[in-house]
Amino acid sequence: MQVKVPNRRWFLALGPAILIMWLLSGSNDVSVPESTQTSTLLPGQEPYEGFGRGIRSVIYDENGFLAYTLNAAVQRQYPNQLTELELPHLQMFDGRSELWNISAASGRIRASAGGDILQLDLEDSVEVVHQPSADAEIRLTTRWLSIEPPTRTLHTTAPVQVNGSGIDQSAVGMFADLNVNQLNFNSSIQGRYYRARD
């Protein structure tokens with residue numbers, strides 16, 4: 001039995017015609033992949049614009065002396081000049097001497113449009129260590145603390161505990177002016193001052 005094979009030229013001519021018909025009729029159904037913007041979200045948070053690990057900032061005063069340094073294990077930058085920090089550590093200087101070390105579990109920076117830090121809010125296990133001399137140290141602990149680097153002031157309304165050379169004090173709330181090394185307690189002040197022994 002012989003099978004008659006149709007003319008192959010007819011098939012070759014039909015192929016392009018079918019392709020053209022499919023392109024003309026199916027062009028409306030062709031979907032182009034959309035370009036999607038990827039952003040990283042924290043649980044219950046808005047997307048952040050920048051992320052970094054092991055961040056270190058060094059700020060100098062108008063005389064060229066070191067004003068303060070700010071380190072953080074993790075930094076997330078959000079719109080409107082807001083930055084969140086994990087394990088922030090701030091070192092504040094007086095001229096060439098390092099006098100204040102401030103650390104916490106987390107923090108938040110509010111900056112100016114130019115990027116200058118206006119306020120640093122620290123939370124959880126906040127610790128301020130002041131070393132006026134090589135053999136003297138004062139340690140302050142609290143739940144949260146606000147720092148204003150431009151004015152070199154600190155404040156909180158939370159309970160604070162202060163221990164160190166000649167002082168054992170507790171209070172609710174405090175204000176500190178680092179320009180004059182002055183610490184003022186707000187209320188519920190208890191404790192004692194004593195002469196440190198050699």
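Two strands count as paired if DSSP finds at least two bridges between them. With that in hand, we can walk through this predicted model strand by strand, beginning with one such bridge: Asp121 has Ser146, in β8, as its bridge partner.

Let us step back to the whole chain before going further. The protein chain holds one helix and 11 strands, and along the sequence the helix comes before the strands, in the pattern α-β-β-β-β-β-β-β-β-β-β-β. Of its 198 residues, 31% count as buried. The chain exposes about 13600 Å², and carbon and sulfur atoms supply 51% of that area. If you take the contacts between residues at least 6 apart in sequence, 36% of them join residues at least 24 apart.

How far can you lean on the coordinates? The mean pLDDT of the protein chain is 77, and 73% of the residues score at least 70. Among the elements, helix α1 (residues 8-26) has the lowest mean pLDDT, 46, while β9 has the highest, 93. Over residues 1-25 the pLDDT stays under 50, and the model gives this stretch three contacts beyond four places in sequence. Residues 27-43 are also below 50, with 10 contacts in the model beyond near neighbours in sequence. Where pLDDT is low, the predicted coordinates should not be read in detail. We will therefore leave those parts aside and turn to the strands.

Start with strand β1 (residues 50-60), which runs antiparallel to β2 and is joined to it by 10 bridges. Within this pair, Arg56 stands opposite Asn71 in β2. The hairpin of β1 and β2 has five residues between the strands, and Gly64 there takes a positive phi near 90 degrees.

Strand β2 has further partners. With strand β3 (residues 82-86), β2 pairs in the antiparallel sense over five bridges, and Gln77 has Thr83 in β3 as its bridge partner. Three residues lie between the strands in the hairpin of β2 and β3, where Asn80 takes a positive phi near 65 degrees. Strand β2 also runs antiparallel to β4, with four bridges joining the two; here the bridge partner of Leu70 is Leu90, in β4.

While you are at β4, look at Gln91, which sits in that strand. Is Gln91 buried or exposed? Its relative accessible area is 14%, so Gln91 counts as buried, the cut-off being under 20%. What does the side chain of Gln91 make polar contacts with? One partner is the side chain of Thr69, at 2.9 Å, and another is the side chain of Asn101, at 3.4 Å.

Moving along the chain, strand β6 (residues 106-111) and strand β7 (residues 117-133) pair in the antiparallel sense over six bridges. In this pair Gly107 stands opposite Leu122 in β7. Their hairpin has five residues between the strands, and Gly115 takes a positive phi near 95 degrees. Ser112 lies in the loop between β6 and β7. Not counting residues up to four places away in sequence, Ser112 touches Gln81 and Leu118. The C-alpha atoms of Ser112 and Leu82 are 9.4 Å apart, although 30 residues separate them along the chain.

Strand β7 also pairs with strand β8 (residues 136-148), again in the antiparallel sense, over 10 bridges. The hairpin that joins β7 to β8 does so through two residues. The bridge we opened with, between Asp121 and Ser146 of β8, now has its setting.

Finally, turn to the nonpolar side chains. In soluble globular proteins, nonpolar side chains tend to be buried together. Here the largest nonpolar core has 29 residues, and Ile102, Ile147 and Leu154 have the most contacts inside it. At least two residues of this core come from each of β2 (66-78), β4 (89-94), β5 (97-103), β7, β8, β9 (153-164) and β10 (167-177). Strand β7 gives the most to this core, with five residues.

To see some of these strands meet, centre your view on Ile147. Leaving out residues up to four places away in sequence, Ile147 touches Leu90, Met92, Ile102, Leu118, Gln119, Leu120, Leu122, Thr153 and Leu154. Several names in that list will be familiar by now: Leu90 is the bridge partner of Leu70, Leu122 stands opposite Gly107, and Leu118 is touched by Ser112.

Notes
Residues are numbered from 1 along each chain as its sequence is written. This is a predicted model: local features need pLDDT of at least 70, side-chain atom pairs count only at pLDDT 80 or more; totals for chains, interfaces and linings use all residues. Side-chain values use heavy atoms; hydrogens and water are left out. Buried means under 20% relative accessible area, exposed over 50%, partly exposed in between (1.4 Å probe, protein chains only). Contact means heavy atoms within 4.5 Å. Accessible areas come from the Shrake-Rupley method with a 1.4 Å probe; for residues, only the protein chains shown count as cover. A nonpolar core is a set of buried Ala, Val, Leu, Ile, Met, Phe, Trp, Tyr and Cys residues joined through side-chain atoms within 4.5 Å. A polar contact is a pair of N or O atoms within 3.5 Å; within protein, one must be able to donate a hydrogen and the other to accept it, and residues adjacent in sequence count only if both atoms are side-chain atoms. pLDDT is the predictor's confidence in each residue, from 0 to 100.
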